[in-house]
Amino acid sequence: MAQINQSICLTLPKSITKQISTCENSEQYITNFLQNALPSSDTGSVADELRKSLIFAKHKNKWNKKKRCQGKLLTSRKRMQLGLRKISCKSDMKYTALLPLNQLWLNYMEQVLGSKFFNNIPKDSTDPNWENVNQQLIKADFHGAEISIVGSKCPSLVGLSGIVVQDTKNIFRICGRDNIMRTIPKDNVIINIYLKNIKLEFFGKDLSIRPTERTIKKFKCGRIYEL
């Protein structure tokens, strides 16, 4: 009996194993096996049958999924207390360091408007593309845009310019050419935004919405605000 058990555990001779073919692709291995095992009259339907989805193939192994982080996210109040959304007026940020950000914003606007309207903004309200282009412009994100203030109830704001480093509901925070960080209230100001050689004029009140909410809001053209 012991001799029989030992003979079972022995490896197969090479005369047998050399005839066994292996295939790394499991689907190709199954196809080859069926074509060799089935009668010649049934081999033609092998490919069509294998195209059908298998029930067990739809069930994925749940044990391979990584566990999600169970930690709690920070609340808005906690983020404000930690100063995560604040940019200090005494920041060491330089205007020249923000020029790549401005170029990135210009590339973003070219994708939003398309090359045709990016270089040729409609200037007449009778243009059929006037409404669509204006809606795209006012819904855009202005982080990285170069702006200047041309009108305001507060005379000290007129003439300020710089690159936008923070766009919130009520303010623009910009870094000027003198490397000074300034806060511009959007309410009751007229803003010029520069697209290369094109200058666009906006009422700040139209932009007094969070950037994420501006993208889905429908704006009405023709509104004029008193400054």
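**Cavity lining.** I started with the lining of the largest cavity and sorted it by class: eight nonpolar residues, no polar and no charged ones. Note to self: this is a predicted model. Next I pulled up the names, and the lining consists of W105, M109, L137, F142, I193, L195, L200 and F202. I then checked which elements give two or more residues to that lining, and they are α6 (99-119), β5 (189-195) and β6 (198-203). For volume I got about 30 Å³ for this largest cavity. I also asked how many cavities of 30 Å³ or more the structure holds, and the count is one.

**Aromatic pairs.** F142 from the cavity lining turned up again when I went through the rings. My count came to three aromatic pairs. I looked at F142 with F172: the ring centres are 6.4 Å apart and the planes sit at 85°, so I logged the pair as edge-to-face. Where do the two partners sit along the chain? F142 is in the loop between α7 (130-138) and β1 (146-152), while F172 belongs to strand β3 (residues 171-175). They are 30 residues apart, so this pair links distant parts of the chain.

**Salt bridges.** I found five salt bridges in the structure. The one I opened up joins the side chains of K186 and D167, at 2.6 Å from N to O. I placed K186 in the loop between β4 (181-185) and β5, and D167 in strand β2 (residues 161-167), so the bridge ties together parts that are 19 residues apart in sequence.

**Surface patch.** Last, I turned to the outside. Which residues make the nonpolar surface patch of about 400 Å²? I have Y29, I30, F33 and L50 down for it. Helix α3 (residues 26-37) supplies the largest share of the patch, three residues. I looked up F33 separately, and its place is in helix α3.

Terms used: Residues are numbered from 1 along each chain as its sequence is written. This is a predicted model: local features need pLDDT of at least 70, side-chain atom pairs count only at pLDDT 80 or more; totals for chains, interfaces and linings use all residues. Side-chain values use heavy atoms; hydrogens and water are left out. On a 1 Å grid over the protein atoms alone, a cavity is a set of points where a 1.4 Å probe fits but cannot get out, and a pocket is an open set with protein on both sides within 12 Å along at least five of seven lines; lining residues have an atom within 4 Å of a point. Grid points are joined across faces, edges and corners, and a volume is the space filled by probe spheres set on the points. Helices (H or I, at least four residues) and strands (E, at least two) are DSSP runs, numbered from the N terminus. Ala, Val, Leu, Ile, Met, Phe, Trp, Tyr, Cys and Pro count as nonpolar, Asp, Glu, Lys and Arg as charged, and the others, Gly among them, as polar. Patches are made of residues with over 30% relative accessible area and no salt bridge: like charges are joined within 9 Å, nonpolar side chains (Val, Leu, Ile, Met, Phe, Trp, Tyr) within 5 Å. Accessible areas come from the Shrake-Rupley method with a 1.4 Å probe; for residues, only the protein chains shown count as cover. A salt bridge is a side-chain nitrogen of Lys or Arg within 4 Å of a carboxyl oxygen of Asp or Glu. Rings of Phe, Tyr and Trp (its six-membered ring) pair if their centres lie within 6.5 Å; planes under 30 degrees apart count as stacked, over 60 as edge-to-face and the rest as tilted.
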